[in-house]
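Thanks for coming. I have one structure today, and I will go through its backbone, its ligand and its domains in that order.

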Amino acid sequence: MSADGTPPRMMPNNIIRFSNRTGWDPSPNRLSLELDRLRAEGRTFIDLTQANPTTAELGHPDEEVLAALTDPRALKYEPDPKGQFVARQAVATVYAQRHAAVSPEDIVLTSSTSEAYSFLLRLLCNPGDRVMVPRPSYPLFDYLCDLNDVYPDRYRLYHDGRTWRTDLAYLEERFENTRALFVVNPNNPTGSSPDGAERAGLERLCAREGSAIISDEVFLDFPMDPQRRLVTMAGSKQTLTFTLGGVSKAAGLPQMKLAWIVVSGPEALKNEALRRLEIVADTYLSPSAPAQLALPSWLERGCAYREAALRRVRANRQELSRRIGESGSGVELLECDGGWYATLQLKACFDEEAFVVDLLRERQVLVHPGYFYEFEGGHHLVLSLLAPQAVFAEGVGHLVSALGGQNIKVK
Ligand SMILES: Cc1ncc(COP(=O)(O)O)c(C=O)c1O
């Protein structure tokens, strides 16, 4: 009621305006409709897309994870825009173990890798600016870019018959006016990690054009080959580089919401980036004190979980490879350097969506069609390797027999 007693003027609902950036197409795809139907009927299925470490039976040390949250220092509000020093020190130790010299002063904590992307896009881009994101890759990039008014152009990763490579020539051609280049190392879902020559090419290009690299390394601790170490881009002196990681994968604790940005590059540029980034972070101060204080313990104790997850993904990949090999079904399990995913490539092009919907409906097994990740050609399927081994083996048995059967409708 207003001061003179008349009722306040209400805006009718139909003239409320929403931002263009949230005008996403709400129509569900056929796979999500089928999933809704199964769930509504109370039916269960084998989820070969499961990538949630907290439900994957990896033997988390639950009591220690919780005990780390009870540090009494959390009772006092002593915000630091970059994050608590002890937490940044623990992150620096992780990079020392990864053979990269990183100072705690060059680290900024965020509540998630997604938030880190947002901070960086706010730091680097004006509305309408262009960034380059890999294809195929992580499907969240479009949303992260939309929400920050940035245009996500694509650069190609191509399969050279053995592994996925960056199409540097394509990037060279289209790179002008690019504010930032996204690298996912190792990539989700191809599992590919750029080799030394690719990294050098990307750094040269970005340094030349005055662009920054954003290297998402949430899966860096998960090399597929036990003899191999995946190489971080943190510590680069050549070009401004932001390296992302977080407890979501490194400690298997996505619910704890803590991640980090490591800033590296030529000294003056790095310092200017840190100065500005600190103000962005100070505006939100988003990571909670208990989580920050728990980080040293989570990262240290995360070792056992990481080993368990690595054993799991390697064993599941071996099982998948064996079953695919035995089936002689014309399906190839593509090589990968690391991460939690496996990509299957079929020789013939087929209707990926019809196949995954049929697989779910008829055999109660869920996998993802390659187009979710923008694989070209319509002949890929993507699986997570994180499910418990017995569940994974059962699901793969159904998948392989569906692939070998009549269910593939060649376009
Ligand atoms: C490549 C990649 N980056 C980032 C994330 C999300 O990380 P966070 O939970 O820290 O936002 C994921 C989640 O699967 C991912 O696949």
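Before I place anything, one definition: helices, of at least four residues, and strands, of at least two, are DSSP runs numbered from the N terminus. With that numbering, P186 sits in the loop between β6 (178–184) and α7 (196–209). Please keep in mind that this is a predicted model.

I start with the backbone in that loop. The peptide bond joining N185 and P186 is cis, with omega about -5°. What is the geometry of the bond from N188 to P189? That peptide bond is cis as well, with omega near 10°, and P189 is also placed in the loop between β6 and α7. One further backbone item is H99, in the loop between α3 (85–97) and β2 (107–110). H99 is not a glycine, yet its phi is positive, about 65°. As background, most residues other than glycine have a negative phi, and most peptide bonds are trans.

Next, the ligand. Which residues are around it? The list is S112, T113, S114, Y138, V184, N188, D216, V218, F219, S248 and K249. N188 is therefore worth a second look: it is one of the residues around the ligand, and the cis bond to P189 starts from it. For polar side-chain atoms I have three distances. A polar side-chain atom of T113 is 2.5 Å from an oxygen atom of the ligand. For S248, a side-chain N or O atom is 3.0 Å from a ligand oxygen. In K249, a polar side-chain atom lies 3.1 Å from an oxygen atom of the ligand.

Now the domains. The domain assignment gives domain 1 as 27–57 + 303–404 and domain 2 as 70–301. Domain 1 is thus written as two segments, and domain 2 as one. Taken over C-alpha atoms, their centres are 27 Å apart. The contact involves 28 residues from domain 1 and 37 residues from domain 2.

How much area do the two domains bury between them? About 2800 Å², with 55% of it on carbon and sulfur atoms. On the domain 1 side, R306, D337 and E374 lose the most area to domain 2, and together they make up 24% of what that side buries.

As for specific pairs, the interface has 17 residue pairs in polar contact, both residues at pLDDT 80 or more. Looking at the domain 1 side by element, α10 (289–327) and β11 (341–346) each supply at least two residues that touch domain 2. α10 gives the most, with nine residues. By class, that side of domain 1 has 16 nonpolar, five polar and seven charged residues.

Last, salt bridges. The count comes to 33, and four salt bridges are found across the interface of domain 1 and domain 2. One salt bridge to look at is E374 with R154, where the closest N and O atoms are 2.6 Å apart. E374 was also among the domain 1 residues losing the most area to domain 2.

That is the set I wanted to show. I can go back to any of these places on the screen.

Notes:
Residues numbered from 1 in each chain as written. Predicted model: local features only at pLDDT ≥ 70, side-chain atom pairs only at ≥ 80, totals over all residues. Heavy atoms only, no water. Contact = heavy atoms within 4.5 Å. Buried area = accessible area lost by both parts, 1.4 Å probe. Salt bridge = Lys/Arg side-chain N within 4 Å of Asp/Glu carboxyl O. Polar contact = N/O pair within 3.5 Å; in protein donor to acceptor, adjacent residues only side chain to side chain. Nonpolar A, V, L, I, M, F, W, Y, C, P; charged D, E, K, R; others polar. Near = heavy atom within 4 Å.
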